[in-house]
Amino acid sequence: MAQTTPGLASTSPSSSDPASEGGASPYAEQQVARAALHRAEPAWLVDRRAEGARAFAATAMPTTALRPWRYTDVSTLSIEEHAPVPPTLRVEAELPAGAYAGPLAEALDSHADVVRAQLGSLVAGTEGRFIAANTALWNAGVLVHLPRGAVCEQPIIIDLSVDAQAGDGATDGAPAALLPRLLVVVEAQAQATIVVRLRSTDAPLLVPAVAEIIAGDHATVRLLLDGRWGERTREFTTLRSRVGQGATVEVATLAIGGRVVKQTLESLLLGEGAHSDLRGVALGDGEQHFDFVTLQDHVAPRTTSKVEIKAALAGASRSVYYGLTRVEETAAGAAAEQENRNLLLSGHAKADSDPVLEILTSEVIRCGHAATVGPVDRDALFYLQSRGLDDRTALQLLVAGFFQSVARRISLEGLEEDLAAVVHDKLAVADLS
Amino acid sequence: MTTVNPGARSVVGEYKWGFHDDEKPLFMAEAGHSEALVREISALKNEPEWMTEFRVNAYRTFLEKSDPTWAGSPELLAAIDFDKIHYYVRATDRDSTNWDDVPEYIKDTFDKLGIPEAEKQFLAGAGAQYDSEVVYHNIREDLAKQGVIFLGMDQGLAEHGDLVREHFGTLVPAADNRFAALNSAVWSGGSFIYVPPGVHVEVPLQAYFRINTESMGQFERTLIIADEGSYLHYVEGCTAPIYSTDSLHSAVVEIVVKKNARVRYTTIQNWSNNVYNLVTKRAAAYENAVMEWVDGNIGSKLTMKYPSVYLMEPGAHGEILSLAFAGDGQHQDAGGKVVHVAPRTTSAVVSKSVSRGSGRTSYRGLLKVHEGAEGSSSTVRCDALLLDEHSRSDTYPTMEVDEERVNIGHEASVSKLGEDQLFYLMSRGITEEEAAKMVVNGFVEPIVKELPMEYAIELNRLIELQMEGSVG
């Protein structure tokens with residue numbers, strides 16, 4: 001097994017070149033089109049997928065020379081070696097009239113216009129190799145659509161998982177790939193809260209994911225990505241939001257499981273007064289590798305954004321944060337804050353932080369960022385120890401407290417307790433040396 | 001009266017601050033570069049063979065290198081025409097340039113700075129001599145008594161070859177980046193300083209005193225070795241707009257700060273607005289040593305300069321104070337790098353930048369803490385002030401932390417000139433322009449106060465000049 005960034009090398013036992021299998025690779029254009037036709041997808045989508053397959057063939061794997069990939073070396077990862085497997089997808093929602101939340105495949109008929117107009121409108125299939133793979137082969141698609149003024153009071157729950165058999169070698173020994181695609185269209189004045197629960201077994205799994213969020217004027221979209229992958233899952237997600245006038249998009253991500261979680265999370269603040277709120281929590285142990293690349297692009301006047309990413313890292317886990325807040329010349333009156341805090345819980349954990357600001361106009365209210373890296377506060381630890389708590393218990397409490405600001409902000413019922421329990425369980429066995 | 005036009009590329013004759021050596025035939029290289037030219041420069045300077053080899057290898061590296069991929073203004077870098085640059089020019093006609101030929105805007109600036117006539121002429125490259133010669137020699141004598149070596153780099157190489165060879169290119173290898181490679185191939189001028197153990201150099205050493213005899217170069221190379229327990233403050237004086245028809249300045253500075261020593265290196269850069277200022281500065285600080293960079297960037301078209309400190313042994317401390325002011329059409333891409341290699345090392349970076357008109361300032365930093373550098377701490381603080389609607393400010397503060405037992409913090413803020421601050425001052429009868437100057441001066445004060453007094457005064461004046469007409 002090749003050694004570059006630990007664990008990123010392909011876990012495939014045999015490194016057979018799929019190209020040598022006479023174009024039988026599911027990633028080849030012909031196969032992609034054939035599969036799409038087999039599913040009786042509309043012609044435009046077959047074309048879109050074929051285009052994705054062509055982009056996939058024409059695009060090289062990103063190298064660490066590219067800034068967003070500096071700390072995540074995927075040079076030895078071969079996407080083609082991963083056979084797409086059917087996911088288990090369940091959507092639970094109590095929807096207002098006219099709203100839809102369900103499989104994208106079914107929406108192709110029922111919501112043909114919305115899907116055709118919006119799918120791929122924010123994330124082009126040609127943007128990169130993982131995105132191209134997803135464009136060609138997405139197999140776990142979900143559409144959430146709220147028409148103008150529709151308010152969904154209860155969270156829409158999307159459960160997405162891959163069962164044990166599929167990951168365990170049902171695919172002729174090849175490791176599995178899951179290709180989720182999320183399209184959220186919340187029209188003017190509509191509101192929705194979406195929780196995406198991502199689960200997998202401990203079998204090798206590659207997850208190239210794409211999510212697009214379109215928030216109309218004065219709409220509110222809240223999305224929680226709750227990633228509790230199995231220990232050999234590698235996730236590469238691109239999520240992009242378009243935020244309309246006076247609209248709010250809040251995205252929160254919990255990176256708890258998985259071997260590699262690399263998420264590119266972007267907000268395009270195109271409407272006047274648009275607001276983007278991005279929160280993230282990463283809890284690492286062992287060889288876990290988290291990489292967050294964020295963009296808050298302030299295009300319209302009086303747009304605001306807030307980014308808060310917190311990582312607590314045990315074992316030899318690593319967190320990378322590369323966040324760009326850009327205030328364009330046209331964004332007079334913008335305000336933006338970025339915060340990245342890293343707690344190193346062991347001697348081998350690492351954190352890299354690069355909160356970038358590009359401010360192209362003086363007409364800003366305030367733009368700032370802060371980043372810290374360090375161990376838990378010694379005084380706090382000492383205090384807890386003086387109360388008779390052992391080191392591990394004290395750390396469990398301190399880390400749960402560290403995450404609390406994010407958990408409270410997300411304000412989903414039960415999340416704070418749930419996260420505290422996760423912290424407790426994970427740190428009960430984590431390597432804190 | 002000639003219109004003031006900082007962007008004008010009027011020609012006042014050839015570059016004036018070439019290598020000074022009366023025994024060699026006068027020489028000015030053709031524009032453009034070649035390995036033969038590099039060898040010729042070395043031969044003309046009578047350099048030892050190792051230096052010739054160093055230059056030639058560096059030149060080959062230069063040919064292989066391309067511009068850094070992370071450059072903030074790649075289009076500006078791409079505009080540099082390496083074939084049109086004179087890489088080596090000796091004073092051939094120092095007296096033939098007339099003060100009258102110096103563009104009006106340069107003279108105007110000199111007048112406003114209150115620079116003495118003789119000095120003005122020298123700085124403009126039109127003066128035959130600047131009469132600090134005596135001062136310079138007096139200082140030289142005092143230093144010599146203490147065993148301090150303060151020479152031009154070329155002379156340093158000739159007289160202290162072994163010491164130079166031991167350190168030259170060790171902190172900034174030729175392959176470090178494209179411009180360091182170019183400098184390594186064609187360097188000329190710069191300072192060589194050695195401070196013996198325990199010696200405290202009480203007066204700041206200023207390149208200023210030296211430039212009239214040794215001359216400055218576009219590709220100067222400075223090496224400073226502060227031996228154990230010594231102290232030195234070096235001031236690189238580009239205190240007035242230096243008129244240059246050539247548009248590329250690419251220096252390399254290497255500083256070795258040994259155990260318990262302390263070095264402060266102060267630069268006030270005020271190149272004219274047609275100069276690319278692409279400089280590599282790096283220091284290594286050993287046990288309990290202190291290295292401080294005070295770096296002010298006011299002039300140039302594009303500056304890319306990130307003074308670095310490598311904290312090599314326990315207890316070492318590094319400090320970078322960076323000030324940048326970008327006016328119309330300027331891009332100040334400055335910042336600093338600190339690399340914590342050893343335990344209990346500390347560092348502080350403070351950056352203040354001001355952008356006005358279409359000016360752009362970028363803070364670009366790296367803070368690296370290697371595994372094993374336990375007990376280290378660092379703070380990075382960047383503040384940017386934007387004066388005009390079209391001004392731009394960027395902050396690229398990369399932090400890489402591979403060690404748990406450290407305390408690392410970074411904070412940045414970007415704001416515009418506060419309307420309430422202006423309003424308050426104006427309500428006290430101060431004009432808007434004066435008020436803006438006062439706010440900016442207050443903003444940069446934490447850095448300015450670290451400068452020797454005469455530089456602080458000049459810097460304030462420079463900022464006032466930059467601010468002229470900035471309001472309304």
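Chain B and its contact with chain A

Chain B has 13 helices and 20 strands. The model is a predicted one. Of the 472 residues in chain B, 54% are buried. Among the contacts in chain B with a separation of 6 or more, 84% are between residues 24 or more positions apart.

A helix of chain B shows what burial looks like here. Helix α9 of chain B covers residues 178–186, and nine of its nine residues are buried, so this helix is largely enclosed by the rest of the structure. The buried residues of α9(B) include nonpolar ones such as B:Phe179, B:Leu182 and B:Val186. B:Arg178, B:Asn183 and B:Ser184 are buried in α9(B) as well. Which elements cover the buried residues of α9(B)? The cover includes two helices of chain B, α1 (35–44) and α2 (49–64). It also includes the strands β4 (221–226), β7 (252–257) and β9 (276–285) of chain B.

Next comes helix α12 of chain B, residues 432–448. This helix has 17 residues and reaches 23 Å from its first C-alpha to its last, close to the 24 Å expected at 1.5 Å a residue. There is nevertheless a bend of about 35 degrees in α12(B), at B:Gly442. A proline, B:Pro446, follows B:Gly442 within four residues. The buried residues of α12(B) include B:Ala435, B:Ala436 and B:Lys437. Beyond the bend at B:Gly442, the buried residues of α12(B) include B:Phe443, B:Val444, B:Ile447 and B:Val448.

Buried nonpolar residues can also be followed as a set. In soluble globular proteins, nonpolar side chains tend to be buried together. The largest nonpolar core of this model has 249 residues. Which members touch the most others? They are A:Val184 and A:Val399 from chain A, and B:Val257, B:Val263 and B:Ala285 from chain B. Helix α8 of chain A, residues 391–410, gives the most to this core, with 10 residues. Leaving aside residues up to four places away in sequence, A:Val399 touches A:Ala312, A:Leu343, A:Val423 and A:Leu427.

The two chains also meet in a contact that takes 32 residues from chain B and 32 residues from chain A. On the side of chain B that touches chain A, the strands β18 (392–396), β19 (399–401) and β20 (406–416) each supply at least two residues. The largest share of that side, 11 residues, comes from β20(B). By type, the residues of this side of chain B divide into 11 nonpolar, 11 polar and 10 charged. Strand pairing also links the chains: three bridges join β19 of chain A, residues 350–359, to β18(B), and the two strands run antiparallel. A:Leu357 stands opposite B:Thr395 in β18(B).

Two loop residues of chain B remain, and their backbone angles deserve a look. Most residues other than glycine have a negative phi. B:Asn260 has a positive phi, near 60 degrees, and lies in the loop between β7 and β8 (262–269) of chain B. B:Asn260 counts as partly exposed because it has 19 C-beta neighbours inside 10 Å, where 20 or more would make a residue buried. The phi of B:Arg344 is also positive, near 55 degrees. B:Arg344 lies in the loop between β14 (331–340) and β15 (346–355) of chain B. With 17 other C-beta atoms within 10 Å, B:Arg344 is partly exposed.

Definitions and conventions: Residues numbered from 1 in each chain as written. Chains lettered and ligands numbered in written order. Predicted model: local features only at pLDDT ≥ 70, side-chain atom pairs only at ≥ 80, totals over all residues. Contact = placed C-beta atoms within 7 Å. Pairing = 2+ DSSP bridges. Core = buried A, V, L, I, M, F, W, Y, C linked by C-beta atoms within 7 Å. Buried ≥ 20, exposed ≤ 12 C-beta atoms within 10 Å, placed from the backbone. Expected span 1.5 Å × (residues − 1). Bend = angle between axes of the 7 residues up to and from the residue.
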